[in-house]
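Here is a short tour of two loop residues and one pair of helices. Keep the model open and follow along.

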Amino acid sequence: MTVHSSLQPYADAWTHSVEAISELVQPLVEGEWNRATPCPGWSVRDIVSHVIGIDCEQLGDPRPIHTLPRDLYHVVDEFTRYMEVQVDVRRHHTAPEMTAELEYTIIRRSRQLRNEKRDPSALVRGPLGLEVTLEHALRQRAFDVWVHEQDLRTALGKPGNLDSPGAHVTRDLLLEGLPKVVAKRAGAPVNSAVVLDVHGPLEFMRTVRVDADGRGSIDGAPSLGPAATLAMDWETYVRLACGRVRPQAVADRIKVEGDQAIADAILREFAVTP
């Protein structure tokens, strides 16, 4: 147990997802590590490398000194270059090397989380060397590892854990980005409301309201006469919001009521993760 109760849900979610990843990849033969995943440009090995690398950084390990090849089409900016270093440095590691490093990293990180004494507001190193609060860092790790667990499950044909602790962290984090999607990026009209109705392993309904100044807010109260209602299953919501699939590819899993043009604009801008 961590000292601060506000950190415990994120530590628990990370533990649940990273142990699931370990179970998924432990029996894989060499060729299966090269399977493509829904995460653009990354194989099974690449995702596991990313999980290992970021947790090593959270442990305070120095980043590898490594020059990336120039032909990685998915590396498009400083953020993706930063993330790719921990991945590319492990691209030629064997299956036993990958599973051994993953297990060792889980042991070290679990011990760190159990013994965590810092305040949730303490500043720690985040991506690109930026400082973030410990609570923010742990929340992001819980989210990131659960989403990548789902990437691996899709690639390996082993669905599951869509309602695990990490799924709940992911739902809350993704919903925080929805007002900006609706109000700013999709340009929903002022003084309007848009309803998101999600069913499946996680079920919830949220209303995004756009005020007279064009600012968006979100709540759980129903809306009378929303401009548009978008209904979809939880897995589809995650895949869209995490940029794993385009709206056209899952159009048969989305039901729209109301203004189709507003709904289309929202779906075009739905991805809230890089």
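Buried means under 20% relative accessible area, exposed over 50%, and partly exposed in between, with a 1.4 Å probe and protein chains only. This is a predicted model, in which local features need pLDDT of at least 70, side-chain atom pairs count only at pLDDT 80 or more, and totals for chains, interfaces and linings use all residues. Residues are numbered from 1 along each chain as its sequence is written, and side-chain values use heavy atoms, leaving out hydrogens and water.

Let's begin with the backbone. Most residues other than glycine have a negative phi. Asn161 has a positive phi although it is not a glycine, and Asn191 also has a positive phi without being a glycine. Helices (H or I, at least four residues) and strands (E, at least two) are DSSP runs, numbered from the N terminus.

| Residue | Phi | Loop | Relative accessible area |
|---|---|---|---|
| Asn161 | about 60° | between α5 (134–156) and α6 (165–176) | 23%, partly exposed |
| Asn191 | about 55° | between α7 (178–185) and β3 (192–199) | 58%, exposed |

Now for the helices. The axes of α2 (residues 44–58) and α5 come within 10 Å and cross at roughly 165°; axes are lines fitted to C-alpha atoms, for helices over the stretch in contact, and angles run from 0 to 180 degrees between N-to-C directions. α2 and α5 are therefore roughly antiparallel, a term for angles over 145 degrees.

Where do α2 and α5 meet? Among the residues in contact (heavy atoms within 4.5 Å) are Val44, Ile47 and His50 in α2, and Ala137, Arg141 and Asp144 in α5.

Conventions
Parallel < 35°, antiparallel > 145°, perpendicular 65-115°, else oblique.
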